[in-house]
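Reader: I'd like to talk through a structure with you, one question at a time. Can you put it up first?

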Amino acid sequence: MLEQYTYALIISVLTINAVVAIYGIVYRRSLTKKLIALTILGDTVFVAIIFSGFYFTHPIVPPVYPEPSDVHVDVLAKHASDPLPQALVLTGIVIGLAVNALIAFGIIQLYRLKGTTDAKKLVETLVEAGVAE
Amino acid sequence: MSKRLLALILLIALATIAPLVFTIIVKMDVPRALKSLGLYYVKNTINDTASPETVTAIVWDYRGLDTIYETLVLYLAIVGGLAVFRVKEVALKTKIGLTSFARSSTRIISLLIATISLAIALHGHLTPGGGFPGGSALAVASMIVIPVYSANALIARGITSTRLVAIRGFALTGIGLVAFLPTIRGLEIVTNQAFYPATVLGQLISGSISLYNLFEFLAVMSGFTAVALYLSIPEEVFKVAEGA
């Protein structure tokens, strides 16, 4: 019962985190706050992917061989956490960081050129300049 | 403010009560065993890839081609960011930075971070770690140095953005070479054990995995250090450059 509750609790917390982050991306007008919400959403997705490789066992060991032998293979098969989600998230975090840096560069440059990071005001300046409608 | 507090309390209540109701109504099964795909990796990684570290084996051997494309995405994202901020030379200023206490402790801490990041990267095929975490850790050392000593301290010691971009190019070329070298013997690209030796001079290097880790370490480190350098350029430089 406690295990089921823990499992469901983590899923619900991740869901609510994602909903709050999507709210921030859609409804916040500042581009900086949109970026912060985007990073929260990305991290939530990473935790969800890691969590998909989780299962109840005791003790939990990392999927690393202390030394190559058949005994360790049996121990790892029963107690190791799933390595595939970890491998996918490992690269995903670094790529996410680089993409966030790219977005941050864009926001800073936009602020230097237009003097604001407010999405609505930026659209107004674009309409005034005749670029958008 | 009270509206936000109410929303927060509601969210926390929802997050804790909804799973309780769900658990009582629906008798769901929680996972109690490793998934079969993960089981395959855990059982066979030492024979397939000669790497005792399953995660690194997946990153650079089983899914090696994916990781190479992800490295390309990383490269393009940082190149795109640097292309937005085109500034040729930053004027060197002296006498800026924090107090001598902060400087001394930063000197020690950044040295420790550099050592540990090298260990993370070069031991990546034996223990948890590898090129991505190691490179990020070393970039953190430069990100500590920049606020304490100022970006000019890095530039004065020869760590300029031009050189960092050159290191990135070298590292990406190295990854490409390691991936394409097996094709000269008619093997597929990103082949590991059929082409590269598992041990060199009695040391387990897991074939191409340690080479990939080394190059990825250089690529990630130089990329994020370049980002930190560009982000720390003072605003006055841009105002002068734009003539405003």
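Author: What follows is a short run of questions and answers on this predicted model.

Reader: Let's start with chain A alone. What radius of gyration does chain A have, set against a compact globule of 133 residues?
Author: The C-alpha trace of chain A spans about 70 × 35 × 20 Å along its principal axes. A compact globule of 133 residues would come out near 14 Å. For chain A the radius of gyration is 22 Å.

Reader: And what is chain A built from, in helices and strands?
Author: Reading from the N terminus, the elements go α-α-α-α-α. That makes zero strands, and the helix count is five.

Reader: How much of chain A counts as buried?
Author: Take A:Val71, in helix α3 of chain A, as one residue to look at. A:Val71 has 9 C-beta neighbours inside 10 Å, and a residue with 12 or fewer is exposed, so A:Val71 counts as exposed. Its C-alpha atom is 50 Å from that of A:Tyr23, 48 residues away along the chain. Over the 133 residues of chain A, the buried share is 20%.

Reader: Now the partner. Which element of chain A gives the largest share of the side that touches chain B?
Author: The contact involves 39 residues of chain A and 48 residues of chain B. On the chain A side, the elements giving two or more residues are α1 (2-27), α3 (70-79) and α4 (83-114). The largest share is 16 residues, and it comes from α4(A).

Reader: What sort of residues make up that side of chain A, by nonpolar, polar and charged?
Author: Charged residues number three and polar ones seven. The rest of that side is nonpolar, with a count of 29.

Reader: Which helix gives the most to the largest nonpolar core?
Author: This core has 61 residues, and those touching the most other members are A:Ala98, B:Ile58, B:Ile78, B:Phe215 and B:Val220. The top contribution is 16 residues, from residues 208-231 of chain B, which is helix α9.

Reader: I see B:Ile78 in there. Leaving aside neighbours within four places in sequence, which residues is B:Ile78 in contact with?
Author: B:Ile78 is one of the buried residues of α4(B), and what covers those residues includes α4 of chain A as well as α3 (54-62), α8 (161-180) and α9 of chain B. From chain B, the contacts of B:Ile78 are B:Gly223, B:Ala226 and B:Val227. From chain A, they are A:Ala98 and A:Ala101.

Reader: Why do the buried residues of α4(B) line one face of the helix?
Author: Helix α4 of chain B (residues 64-84) reaches 31 Å from first C-alpha to last, close to the 30 Å expected for its 21 residues. Its buried residues include B:Leu74, B:Ala77, B:Gly81 and B:Leu82, while B:Leu65, B:Tyr69 and B:Ala83 are exposed on the other side. The buried residues line one face because, seen down the axis, they fall within an arc of 130°.

Reader: One last residue: is B:Ser136 buried, exposed or partly exposed?
Author: B:Ser136 sits in helix α6 (residues 131-149) of chain B and touches A:Val94, B:Val220 and B:Phe224, residues up to four places away in sequence not counted. Its C-alpha atom is 6.0 Å from that of B:Met221, 85 residues apart along the chain. Buried takes 20 or more other C-beta atoms within 10 Å. B:Ser136 has 19, so the label is partly exposed.

Terms used. Residues are numbered from 1 along each chain as its sequence is written. Chains are lettered from A and ligands numbered from 1 in the order in which they are written. This is a predicted model: local features need pLDDT of at least 70, side-chain atom pairs count only at pLDDT 80 or more; totals for chains, interfaces and linings use all residues. Two residues are in contact if their C-beta atoms, placed from the backbone, lie within 7 Å. Helices (H or I, at least four residues) and strands (E, at least two) are DSSP runs, numbered from the N terminus. Ala, Val, Leu, Ile, Met, Phe, Trp, Tyr, Cys and Pro count as nonpolar, Asp, Glu, Lys and Arg as charged, and the others, Gly among them, as polar. A nonpolar core is a set of buried Ala, Val, Leu, Ile, Met, Phe, Trp, Tyr and Cys residues joined through C-beta atoms within 7 Å. The radius of gyration is taken over C-alpha atoms; the globule rule is 2.2 Å times the number of residues to the power 0.38. The expected span of a helix is 1.5 Å times one less than its number of residues. The arc is that of the directions from the helix axis to the C-beta atoms.
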